[in-house]
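Here is a friendly walk through a protein model, in questions and answers. Have a look at it first, and then we can go through it piece by piece.

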Amino acid sequence: MKKIILLLFILFSLQIQAKKRALIIAVGDYPKESKWGAISSVNDVPLIKNSLLNNGFLEEDIVVLLDANATKQGILTALETLQSKSGKGDIIVIHYSGHGQQIFDDNGDEIDGKDESIVPYDAFARYSDIYKGQNHLRDDEIGNIITGFRNKLGKKGQLLVILDSCHSGSATRGGKARGGQPTFAPLDWVSKSSEKAEGSAMFEKTKLDKDPAPFIMITGASADELNYEYEGFGSLSYAFSKAMTDLGTDFTYRQLFSKINANMLVITPRQTPTIEGDIDYKLFKGEYVAQQLYFEINQITKPDIIQVNAGKLNGLFNNTTVFIAAAGTSKVDASNAISTGTITNANFNSATIKLDNALADTNYKKYWVFVDKPSYGDDDYALKVFIDDKTVTDKSINDGVTAYLTENQLGEIVLDSLKSDVIITKEKSTYVLNSSKGIVPIDGVPSSRGTQKLDLINEKLFNYAHGQYLKGLSLKNHDYEFEFKLLPVEFNQNTNKVEVFKSEDSFYSSSGIFEVNTNDSYVVLQVTNKSDRPVYFSIIEINSKGEINPFMPNNNCTLNNNERKLEPGKTMVFKDCVYSFGPPYERLLLKGFATSAPVNFQPTVETRGEGGVRAGFNPLEDFIKQSYTKSRGSEGNNTSNGVDGYTTEFVYEIIK
């Protein structure tokens with residue numbers, strides 16, 4: 001009898017266990033009559049779906065709504081169904097990829113007279129006598145839907161909404177954008193405000209129950225920005241997927257957003273992702289398993305050749321070595337590996353692996369792939385440069401840049417600006433280098449510099465390529481996992497001491513960006529070792545031009561190795577190293593490295609890899625030093641050769 005009661009109790013417990021559910025909406029193939037351009041939203045689905053599956057979501061609990069099925073009514077019905085199935089304590093993710101648009105306010109609740117909206121399959125881009133916006137899904141409606149979910153899930157649940165769309169903007173160049181239509185409104189409508197918007201403006205405050213579920217919304221762009229696509233994916237979907245791939249353990253949504261922000265700074269620097277809501281809650285309540293990162297095999301071409309649906313997006317490059325282990329293995333090394341292999345052909349989202357020992361079984365579901373030693377390929381350094389021949393008429397510039405890129409294997413000239421990374425134009429008497437991802441200035445070279453101007457242009461191209469390369473460099477050995485952040489302080493210049501610590505939130509903008517000014521902003525560095533072994537850390541700063549400077553240690557804070565050694569679980573606040581800020585006004589990326597041996601990039605960065613105080617004591621130092629070499633030459637890919645550690649990032653912006 002007791003056994004029967006126990007069995008019934010177990011079955012009942014399983015039935016009421018909280019679940020993880022998701023709805024993924026992707027609209028890209030809009031009807032021609034809608035006047036919306038086709039976009040690559042459908043490509044986002046596997047990125048998001050795989051990220052969720054890897055974090056404990058089940059296939060049967062993920063619903064996908066595509067194109068013609070994603071009308072306004074189709075979306076509302078899917079949301080109602082999802083809410084009806086949800087229960088207290090459930091974790092819900094709603095992801096939307098498609099166009100977005102600002103639309104005239106129809107109830108007077110917006111200060112600027114504009115609602116934000118997402119654009120279902122059956123919504124039109126322009127106001128007319130027969131279409132007045134009835135199929136747009138406004139922020140008011142979205143707010144009520146969010147409130148309904150939060151009340152249903154309760155305080156132990158969680159709701160994450162991801163919107164990979166933009167809300168306003170105008171015609172653009174340099175990449176395919178999601179949105180781009182003017183505000184949807186009657187011809188005689190006048191906006192109440194022309195001020196620059198901050199934040200997504202999609203978060204409508206509506207009445208909640210006493211104990212609603214925590215809610216987080218992440219959007220791909222601020223309310224006044226376009227949302228660019230990247231390599232056929234939504235930029236936010238790409239950045240989210242990459243951040244989820246790189247996740248360590250016990251992360252909050254604020255930390256997740258920091259990684260998303262760092263990724264988007266690389267791929268679309270003019271775009272400002274935003275986060276709103278209860279961002280200090282742990283990701284999916286922290287209930288994911290501390291699983292070593294693995295990749296599933298999707299095809300065994302031959303017993304010794306396999307294919308995986310992961311590639312450069314996931315940090316897999318040519319010459320990366322891998323372990324093959326039984327599916328379900330939580331951690332692998334040489335002792336429990338079934339076979340080993342090497343990546344011979346890495347593409348953006350797929351890779352071919354040649355195995356050292358053939359697999360005995362052709363059932364690819366029985367195996368998982370784990371990275372052994374990473375490799376860093378030339379492609380990450382290569383630039384695609386477009387030279388505007390309408391403004392750059394000096395043939396020697398084109399020829400010189402072409403020769404420089406070819407001889408040093410740093411990239412190539414392209415004839416289509418949409419396929420470029422950098423656009424070179426001439427404005428009045430200055431050659432201007434722009435990032436083509438949203439057209440953001442990189443640097444300029446006066447044409448009056450004579451024969452030096454070509455060398456300066458090439459030098460700035462190298463700086464930008466090098467900076468982008470290091471921004472994207474990812475080392476994820478979680479044995480050395482750490483994190484760092486900047487803490488606002490009040491600093492007494494008379495006593496040269498920190499007086500009091502300020503609230504961190506006071507320095508975060510409504511878009512979730514850590515902002516400092518040039519007048520009275522002072523911060524100190526906090527570093528935490530999240531691993532179970534001692535680590536040594538070093539931090540560099542990379543600006544928008546790709547120029548690199550030492551951040552910690554630096555000339556004013558010359559910490560020795562022992563002062564930068566953190567014991568397991570320890571947090572250090574460096575109160576004696578106070579940072580203040582000056583122009584130029586820009587967004588910067590801090591890149592932190594942690595390893596098992598002392599690491600210090602200061603000599604390498606300050607001498608640009610051309611020698612310095614000593615040879616690299618740590619393999620990672622030598623790797624960074626080698627990254628300054630302009631020619632990858634006949635040496636081929638630069639494999640890790642002992643390069644091991646953990647990297648993490650922090651983005652901040654200097655404002656006036």
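Q: What percentage of the 656 residues of the protein chain count as buried?
A: This is a predicted model, in which local features need pLDDT of at least 70, side-chain atom pairs count only at pLDDT 80 or more, and totals for chains, interfaces and linings use all residues. Residues are numbered from 1 along each chain as its sequence is written, and side-chain values use heavy atoms, leaving out hydrogens and water. Buried means under 20% relative accessible area, exposed over 50%, and partly exposed in between, with a 1.4 Å probe and protein chains only. Of the 656 residues, the share that counts as buried is 54%.

Q: How many helices and strands are there in the protein chain?
A: Helices (H or I, at least four residues) and strands (E, at least two) are DSSP runs, numbered from the N terminus. By that rule the protein chain has 10 helices and 35 strands.

Q: What share of the contacts with a separation of 6 or more comes from residues 24 or more positions apart?
A: A contact here means heavy atoms within 4.5 Å. Among contacts in the protein chain with a separation of 6 or more, residues 24 or more positions apart account for 75%.

Q: Which residues does the disulfide join?
A: A disulfide is counted when a pair of cysteine sulfur atoms lies within 2.5 Å, and the structure holds one. With an S to S distance of 2.3 Å, the disulfide joins Cys557 to Cys577.

Q: How many residues apart in sequence are the parts that the Cys557 and Cys577 pair ties together?
A: Cys557 is buried at 7% relative accessibility, and Cys577 is buried with a relative accessible area of 7%. Cys557 lies in the loop between β30 (548-552) and β31 (565-566), while Cys577 lies in strand β32 (residues 571-579), so the pair ties together parts whose separation in sequence is 20 residues.

Q: Which residue follows Met552 across a cis peptide bond?
A: The peptide bond that starts at Met552 has omega near 0°. Its partner is found in the loop between β30 and β31. That partner is Pro553.

Q: What is the omega of the cis peptide bond that joins Pro583 and Pro584?
A: Pro584 lies in the loop between β32 and β33 (587-595). The cis bond from Pro583 to Pro584 has an omega of about 5°.

Q: Is Asp67 buried or exposed?
A: Asp67 sits in the loop between β2 and α3 (72-85). Although Asp67 is not a glycine, its phi is positive, about 40°. With a relative accessible area of 17%, Asp67 is buried.

Q: How many of the 10 residues of helix α2 are buried?
A: Helix α2 covers residues 44-53 and is mostly covered. Its buried residues include Val45, Leu47 and Ile48. The number buried is seven.

Q: Which backbone oxygen does the side chain of Thr245 reach?
A: Thr245 is in helix α5 (residues 235-246) and, at 16% relative accessibility, counts as buried. Not counting residues up to four places away in sequence, Thr245 touches Leu293 and Asn314. At 2.9 Å, its side chain reaches the backbone oxygen of Ser241.

Note on methods
A polar contact is a pair of N or O atoms within 3.5 Å; within protein, one must be able to donate a hydrogen and the other to accept it, and residues adjacent in sequence count only if both atoms are side-chain atoms.
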